[in-house]
Amino acid sequence: MNDPFVCARCAAKGPTCCELTPGCEEVCFPVSEYERERIRECAPDLGGFVLQPNTALFIDNLFRLFPDQRRAVKELFPPGGTHYRLAVDERGKCLFLGQHGCLIPQDARPCYCRLFPFWTTEDGRINVLEVATCLAQLENKSPGKLLKALNVSQVTVRNLHETLRRAWGFDPHHD
Ligand code: SF4
Ligand code: SF4
């Protein structure tokens with residue numbers, strides 16, 4: 001069942017997907033030049049980005065997200081290189097998070113934010129990135145129910161995932 005207020009209820013309870021655990025910044029998802037440019041056009045004076053080393057933990061996390069793309073991950077995010085991530089405050093909150101939610105217009109937000117909590121496997125199956133504090137996940141145990149609760153279609157998830165792959169530099173049609 002569609003639940004238009006689940007994210008607002010989650011925000012009232014906290015923490016949400018717009019916060020990370022302080023000290024875990026290195027595993028925050030990357031934000032590509034394409035995504036940063038779109039955000040700068042819509043929200044030039046807000047939030048910010050941090051240049052982050054491609055640590056072993058960060059690369060391992062990408063291997064988990066793209067298990068069949070290890071070669072591409074190493075080429076796009078080589079050890080010793082860097083990438084940009086969202087800037088956060090000392091409590092781990094994204095600097096683009098305002099009092100009433102994200103300050104960036106929906107269609108200019110980072111692809112990962114727009115896709116969360118969904119992901120797509122290499123063969124096109126939709127799965128859920130499990131996060132213990134996500135209220136929508138706690139209340140909707142199957143991907144189908146979660147899609148309905150968040151009013152997201154399978155087509156939207158697949159399209160967003162393709163957009164993310166392109167933005168991050170992955171071949172949309174796989175290696
Ligand atoms: S960019 Fe917006 S949606 Fe993404 S983590 Fe920051 S506040 Fe949340
Ligand atoms: S997607 Fe999940 S973690 Fe993010 S605000 Fe909604 S309920 Fe909370």
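Start by selecting Leu20, which in this predicted model sits in the loop that runs between α1 and α2 (33–42). Its relative accessible area is 17%, and because the limit for a buried residue is under 20%, Leu20 counts as buried. Show the neighbours of Leu20 next, leaving aside residues up to four places away in sequence, and you will find contacts with Glu25, Cys28, Val88, Arg91 and Gly92. If you then add Leu164 to the selection and draw the C-alpha to C-alpha distance, the two residues turn out to be 20 Å apart in space, with their positions 144 residues apart in sequence.

Stay in the loop between α1 and α2 and move to Pro15, which belongs to that loop as well. The peptide bond that joins Gly14 to Pro15 is cis, with an omega of about -10 degrees. A cis bond also joins Phe116 and Pro117, where omega is about 10 degrees, and Pro117 can be found in the loop between α5 and β5.

From here, go to the two ligands. Which residues are found around ligand 2? Its shell holds Cys7, Cys10, Thr16, Cys17, Phe116, Cys134, Leu135 and Ala136, so that Phe116 of the cis bond just visited appears again as part of this shell. The helices α1 and α6 each contribute at least two residues to the surroundings of ligand 2, and when the shell is coloured by class it shows seven nonpolar residues, one polar residue and no charged ones.

Select ligand 1 next, and display the residues around it, which are Cys18, Leu86, Cys94, Phe96, Leu97, Cys102, Ile104, Pro110 and Cys113. Coloured by class, this shell contains nine nonpolar residues, with no polar and no charged residues.

Keep Phe96 from the shell of ligand 1 selected, and turn to the aromatic rings, for which a search of the whole structure gives nine pairs. Phe96 forms one such pair with Phe49, and the arrangement is tilted, at 5.7 Å from centre to centre and with 50 degrees between the planes. Phe49 belongs to strand β1 (residues 49–53), whereas Phe96 lies in the loop between β2 (82–86) and β3 (97–98), and the pair therefore ties together parts that are 47 residues apart in sequence. The two partners can also be set side by side by accessibility: Phe49 is partly exposed at 23%, while Phe96 is buried at 2%.

Another tilted pair is that of Tyr112 and Trp119, with 6.1 Å between the centres and 50 degrees between the planes. Tyr112 is buried at 17% relative accessibility, and Trp119 is buried too, at 4%. Widen the selection to the cluster that ring pairs build from Phe29, Phe66, Tyr112, Phe116, Trp119, Trp168 and Phe170.

Within this cluster, centre the view on Trp168. Apart from residues up to four places away in sequence, Trp168 touches Phe29, Pro30, Ser32, Glu35, Leu62, Phe66, Leu76, Phe77, Tyr112 and Trp119.

Now show the largest nonpolar core, a set of 41 residues in which Leu62, Phe66, Tyr112, Trp119, Leu164 and Trp168 touch the most other members. The elements that supply two or more residues to this core are α1 (6–13), α3 (56–65), α4 (70–76), α5 (111–115), β5 (118–120), α6 (135–139), α7 (143–149) and α8 (154–168). In soluble globular proteins, nonpolar side chains tend to be buried together.

Follow helix α8 to His161, and ask whether this residue is buried or exposed. His161 is buried, with a relative accessible area of 2%, and its contacts beyond four places in sequence are Leu115, Trp119 and Thr120.

Two further stops complete the tour. At Phe63, look for the side chain of Arg70, which lies over the face of the ring, 3.9 Å from the ring centre. Then select Asn151 in the loop between α7 and α8, where phi is positive, at about 55 degrees, although the residue is not a glycine. With a relative accessibility of 60%, Asn151 counts as exposed, in contrast to the buried His161.

Technical notes
Residues are numbered from 1 along each chain as its sequence is written. Chains are lettered from A and ligands numbered from 1 in the order in which they are written. This is a predicted model: local features need pLDDT of at least 70, side-chain atom pairs count only at pLDDT 80 or more; totals for chains, interfaces and linings use all residues. Side-chain values use heavy atoms; hydrogens and water are left out. A nonpolar core is a set of buried Ala, Val, Leu, Ile, Met, Phe, Trp, Tyr and Cys residues joined through side-chain atoms within 4.5 Å. Buried means under 20% relative accessible area, exposed over 50%, partly exposed in between (1.4 Å probe, protein chains only). Helices (H or I, at least four residues) and strands (E, at least two) are DSSP runs, numbered from the N terminus. Contact means heavy atoms within 4.5 Å. A residue is near a molecule or strand if one of its heavy atoms lies within 4 Å of it. Ala, Val, Leu, Ile, Met, Phe, Trp, Tyr, Cys and Pro count as nonpolar, Asp, Glu, Lys and Arg as charged, and the others, Gly among them, as polar. Rings of Phe, Tyr and Trp (its six-membered ring) pair if their centres lie within 6.5 Å; planes under 30 degrees apart count as stacked, over 60 as edge-to-face and the rest as tilted. A charge sits over a ring if NZ of Lys or CZ of Arg is within 6 Å of the ring centre and within 35 degrees of the ring normal.
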